[in-house]
Amino acid sequence: MQFHHHGYVSQDPRVVAAAGTGVDRPVDLPDEMDVLIVGSGPAGMLLAAQMSQFPGVTTRIIEKRDGRLVLGQADGIQPRSVETFQAFGFAERIIAEAYNIAFMNFWGPDPQNPQNIVRTSRTEDYGLKISEFPHLIVNQARVLDYFAEAAAHGPARIAPDYSVEFLGLTVHDDGEFPVEVRVRHVAGAREGEVRTIRAKYVLGCDGARSRVREAIGRTHVGELAAHAWGVMDVLVNTDFPDWRTKCAINAVAGNILHIPREGGYLSRVYVDLGEVPADDNHRVRQTPIEKIIDKANEILRPYTLDVKEIAWHSVYEVGHRVTDGFDDALDEDRSPRVFLTGDACHTHSAKAGQGMNVSMQDGFNIGWKLGAVLMGRSPESLLATYSDERQPVAQQLIDFDREWSSLMARKPEEISDPLELSNYYLATAEFPSGFMTQYPPSAITATAEHQALAAGFPVGKRFKSAEVVRVCDGNAIHLGHHAKADGRWRIYAFADRSGVRLRDWAAAAEGMIARVTPPDADVDAVIDAKVIYQEAFDEVDILTAPAMFLPQTGPLHLTDWEKVYSGSPNAWTDTDIFVEREISREGAVVVVRPDQYVAAVLPLEATAELEAFLGRVFLPA
């Protein structure tokens, strides 16, 4: 990581200096604010961490609870989420404490004794097969802790306002703060007080029973499936040999999805409770934990569970619902003011490990857009792309989860191929990993007209990092890992063999970037540009790189040496990024959004196209 460019730093460099709204931040919830986040779940806390990078924006987050989440229900962390954690600066630490899924084993009825189960297959997990990031299991509460730390350490110094309950809102047609919000203090010195506060924008991150969703007239579309599951986090003694390996167990008595948890001892067990009668009226949700444990033992025969402690348990009925819109713009002529994220706009089963992961990507998508609009960098029309982009993703998730849940709930006699579930698990790996999302062409995502120039960076999909060599010191690093969740766009210029096209491109691009950058800001404050040469790092004369790749930043105007890279192998990497990501030897330009999605692939000579694209995304500084 880079620091010291604002002067010598002796403390933790992850704690940046407070700025703007983070200086003398009011303790009490103010009457007016730019952004109000309702709910401190995964989407809400990611949003807080993202908005903390915009100290010129007043952001508050309210939560009815009286403090941090102690025990979260979600636990599966897909590789795309770990990639996101990298951008927020805590991937390495959360990986160290999480459970890394290396294999998934599948169990079915013993052909010799169908009442017992036997292992039918052992499958390598997909995480590190399709990404440099693993597939993890860690308590949702810890994920929220890390985002809370990022929010508190960002320049805006954002922290949740606990014990504040959202009651309702009204969106007015005019005024600087058009969203009128009613809240109630539920604890503390102001307990019972009902207040009206105002905001420019409101984010509903308040879960499946969202009051924000209700307030803007959006509705869930879908229904509950007639199937119930008990779930428990338990500490046990057992003779089941795969207790520390993720398992899908299909038995005559029912089904179990077993997931080891962090710490080496805790495990989560989803237990199939069977079909739910139409007239059950949710009584299945009152199933006692003893019955869930008995059912688990029945499924696991001939093995047994001796449960020593129950950390948490619940019963749920599988539901697949998506909201009819992710913002309040029922009239398309009006810009949205209220947005829904996470369970407030899509709900599904927990067994595909998607809830927390997709919710965080909702937050990542809208956060940088709000920051760009409120900072005056981008037009307000940018905000309409949130629902356009995320609603189709939610529907894809619902469709995938419906199929996965149905496969998990089958009876043995309904299974013709014992390897079908494991084959499906691997064949669909890219979707649950979070890497299938591909945003369609829009004002902020170009067409794929020039895709052949960089086939390994599909337009609309997340920027798939690869190793390069930093020219200034010869270290091999992942190119994408240098990009932090700071709201900046990235432009990666892959040089042509001669470097002539690159120089011409840089001369034009430098002026484009300057036009959208405030004159009192660092030259890379809005768009961070990097160059990747084809030559070996020790063959590149760094001082001959165009000046835009050696910018002087910070109050001391220190040269940034970490924007010039070699795409060729060296002693520390075997990767040639031009080969690995199928980049033309004639060079290419890859434009990447702040949420790490590829926005455009262009030829080096297509400076007019680049200027037109930036003109749609940015306002003049």
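Two residues are in contact when heavy atoms of theirs lie within 4.5 Å of each other. With that definition in hand, the tour can begin; please note that the model is a predicted one.

**Stop 1: F147 and the nonpolar core**

Select F147. Leaving aside residues up to four places away in sequence, F147 touches M45, L46, A49, F85, F88, F90 and M360. Now widen the selection to the other residues named with F147. The largest nonpolar core has 112 residues, and F147, W489, W505 and F549 are the ones that touch the most other members. Next, select residues 355-374, which form helix α8. This helix supplies eight residues, the largest share of the core.

Colour domain 1 (20-71 + 140-221 + 321-407) and domain 3 (451-617) in two colours. Because both domains give residues to this core, the core lies between them. A second, separate core has 25 residues; select A228, W243, Y303 and V315, which are among them. As a general background to this stop, nonpolar side chains in soluble globular proteins tend to be buried together.

**Stop 2: helix α2**

Select residues 79-88, helix α2. Is this helix enclosed by the rest of the structure or exposed? Ten of its ten residues are buried, so helix α2 is largely enclosed by the rest of the structure. The buried residues include the charged-type names R80 and E83 as well as V82, F85 and F88. Then move just past the end of α2 and select G89, which takes a positive phi of about 90°.

**Stop 3: between domain 2 and domain 3**

Add a third colour for domain 2, which the domain assignment gives as 99-133 + 224-318. The C-alpha centres of domain 2 and domain 3 lie 47 Å apart. How many residues of each domain are in contact with the other? Four residues of domain 2 are in contact with five residues of domain 3. The area buried between these two domains is about 270 Å², and carbon and sulfur atoms give 42% of that area.

To find the domain 2 side of this interface, select I130, E132 and F133. These residues lose the most area to domain 3, together 91% of what the domain 2 side buries. Between domain 2 and domain 3 there are zero salt bridges, and one residue pair is in polar contact.

**Stop 4: T573**

Select T573, in the loop between β25 (564-566) and α13 (577-580). T573 counts as buried because its relative accessibility is 3%, and the cut-off for buried is under 20%. Show side chains here. The side chain of T573 makes a polar contact with the side chain of E467, at 2.7 Å. A polar atom of the T573 side chain also lies 3.1 Å from the backbone nitrogen of T575. Not counting residues up to four places away in sequence, T573 touches E467, V469 and A476.

**Stop 5: salt bridges**

Side chains of opposite charge can pair when their charged atoms come close. The count for this model comes to 51 salt bridges, and three of them are visited here.

Select D31 and R195, whose side chains meet in a salt bridge with an N to O distance of 2.7 Å. D31 is in the segment before β1 (32-38) and R195 is in strand β11 (residues 194-204), so to speak of distant parts of the chain is apt: the two are 164 residues apart. R195 is buried, with a relative accessible area of 7%.

Next, select E97 and R142, which form a salt bridge with their closest N and O atoms 2.9 Å apart. E97 lies in helix α3 (residues 91-97) and R142 in helix α5 (residues 140-153), so the pair ties together parts that are 45 residues apart in sequence. E97 is partly exposed at 27% relative accessibility, and R142 is partly exposed at 28%.

Then select E586 and R501, a salt bridge with the closest N and O atoms 2.8 Å apart. E586 is in the loop between α13 and β26 (588-592), while R501 is in helix α12 (residues 500-515), 85 residues away. E586 is partly exposed at 38%, as is R501 at 35%.

For the final selection, take D486, R488, R490, D524, D528, K530, D560 and K563 together. Salt bridges link these residues in a network.

How values were computed. Residues numbered from 1 in each chain as written. Predicted model: local features only at pLDDT ≥ 70, side-chain atom pairs only at ≥ 80, totals over all residues. Heavy atoms only, no water. Core = buried A, V, L, I, M, F, W, Y, C linked by side-chain atoms within 4.5 Å. Buried < 20%, exposed > 50% of the residue type's maximum accessible area, 1.4 Å probe, protein only. Helix = DSSP H or I, 4+ residues; strand = E, 2+ residues; numbered from the N terminus. Domains from an automatic or database assignment. Buried area = accessible area lost by both parts, 1.4 Å probe. Salt bridge = Lys/Arg side-chain N within 4 Å of Asp/Glu carboxyl O. Polar contact = N/O pair within 3.5 Å; in protein donor to acceptor, adjacent residues only side chain to side chain.
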